[in-house]
Amino acid sequence: MKKIFIMLLIVVLVPTISSAQTQYGAVVGLNFANVSGDDIEDSKMRLGIRLGASFSRELSDAVMLNTGLLYSVKGFSYEIDVVNLSTLATEKVDANMSFNYLEIPVNFAFSVADQFSLMAGFYSAFLVGVTHTIDGEDMDADTDDFSSIDFGIGLGADFSITDAISLNAGYQIGLAELDEDGDVDAKNANILFGMTYHFDN
């Protein structure tokens, strides 16, 4: 499945990026990330950033191909019980797991009004770092324990404020297991909000 997504990316991106009709932009936004799966209990949403470049090409009067390269931080938060050594009482503290990706989204935007489009597509992401904190303290985290590639389906909408600025929102459904060995059923799930500034307008 991973090889299929990579091949799709190559087929879609090579003619798009090399085309003179490509529009370029800068993306800034937020991820409201979490994980889903049969082995996940009591995970909570965590905030992450998404920054990068966008590329778009008009395929017809009603369809636009949108892609790009983003630095995208996903993951989840949870609570853990620890023993206070002073009182010997059990306390709950916050913990966070952060997955840092280089992400390539590929979306088809379908115009439903002059300034509004609905989007559907897929994404592939490459893990570049993992951070694990408990009560604000860094813990050991090894990227080798997690799958190096994430991929999934993307759905969303885009609203153009001006010719140069657009707002977008969406939901990503992860299809790849986060655990490298596949022993734990856990996948990324992400709500995203962003803004794109188009340089060529």
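The questions and answers below deal with the fold, salt bridges, pockets and backbone of a predicted model.

Q: How many helices and strands are there in the protein, and what pattern do they follow along the sequence?
A: The protein has one helix and nine strands. Read along the sequence, the order is α-β-β-β-β-β-β-β-β-β.

Q: Among contacts between residues at least 6 apart in sequence, what share joins residues at least 24 apart?
A: The set here is limited to contacts in the protein between residues at least 6 apart in sequence. Within that set, the share that joins residues at least 24 apart is 63%.

Q: What percentage of the residues of the protein count as buried?
A: A residue counts as buried when its relative accessible area is under 20%. The protein has 201 residues, and the share that counts as buried is 42%.

Q: In which sense do β1 and β9 pair, and over how many bridges do they do so?
A: One position in this pairing is valine 27, which stands opposite threonine 196 in β9. The sense of the β1 and β9 pairing is antiparallel, and the number of bridges is 12.

Q: Which residue in β2 stands opposite leucine 30?
A: β1 and β2 pair in the antiparallel sense over 11 bridges. Opposite leucine 30, in β2, stands isoleucine 49.

Q: How many salt bridges are there?
A: The cut-off is a side-chain nitrogen of Lys or Arg within 4 Å of a carboxyl oxygen of Asp or Glu. One pair that meets it is arginine 50 and glutamate 103, at 3.5 Å from N to O. By this rule the count of salt bridges is five.

Q: Why does the pair of arginine 50 and glutamate 103 tie together parts that are apart in sequence, and how many residues apart are they?
A: The side chains of arginine 50 and glutamate 103 meet in a salt bridge. Arginine 50 lies in strand β2 (residues 46-58) and glutamate 103 in strand β4 (residues 90-111), so the parts that the pair ties together are apart in sequence by 53 residues.

Q: Are arginine 50 and glutamate 103 buried or exposed, and which residues form the network of salt bridges?
A: Arginine 50 and glutamate 103 are both buried. A network of salt bridges links Arg50, Lys74 and Glu103.

Q: How far apart are the closest N and O atoms of glutamate 177 and lysine 187?
A: The two residues form a salt bridge, with the closest N and O atoms 3.1 Å apart. This pair links distant parts of the chain, since glutamate 177 is in the loop between β8 (165-174) and β9 (187-198) and lysine 187 is in strand β9. Glutamate 177 is partly exposed, with a relative accessible area of 27%. The N and O distance asked for is 3.1 Å.

Q: Which aspartate meets lysine 187 in a salt bridge, and is this aspartate buried or exposed?
A: The side chain of lysine 187 meets that of aspartate 185 in a salt bridge, at 2.8 Å from N to O. With a relative accessible area of 17%, aspartate 185 is buried.

Q: Which residues lie nearest the centre of the largest pocket?
A: The space in the largest pocket comes to about 970 Å³. Its lining has 20 nonpolar, 22 polar and six charged residues. Of the 48 lining residues, those nearest the centre are Met64, Asn66, Asp158, Ser166 and His198.

Q: How many nonpolar, polar and charged residues are in the lining of the second largest pocket?
A: The second largest pocket has a volume of about 280 Å³. It is lined by 14 residues, and the closest to its centre are Ile40, Phe76, Phe146, Val184 and Ala186. By class, the lining has nine nonpolar, one polar and four charged residues.

Q: Which residues is threonine 133 in contact with, leaving aside its neighbours within four places in sequence?
A: Threonine 133 lies in strand β5. It is buried, with a relative accessible area of 16%. With those neighbours left aside, the contacts of threonine 133 are Asp94, Ala95, Asn96, Asp138 and Met139.

Q: Where is aspartate 42 placed?
A: Most residues other than glycine have a negative phi. Phi of aspartate 42 is positive, near 60°. Aspartate 42 is exposed, with a relative accessible area of 67%. Its place is in the loop between β1 and β2.

How values were computed:
Residues numbered from 1 in each chain as written. Predicted model: local features only at pLDDT ≥ 70, side-chain atom pairs only at ≥ 80, totals over all residues. Heavy atoms only, no water. Helix = DSSP H or I, 4+ residues; strand = E, 2+ residues; numbered from the N terminus. Buried < 20%, exposed > 50% of the residue type's maximum accessible area, 1.4 Å probe, protein only. 1 Å grid on protein atoms, 1.4 Å probe; cavity = no way out; pocket = protein on both sides within 12 Å on 5 of 7 lines; lining within 4 Å. Points joined across faces, edges and corners; volume = space filled by probe spheres on them. Nonpolar A, V, L, I, M, F, W, Y, C, P; charged D, E, K, R; others polar. Contact = heavy atoms within 4.5 Å. Pairing = 2+ DSSP bridges.
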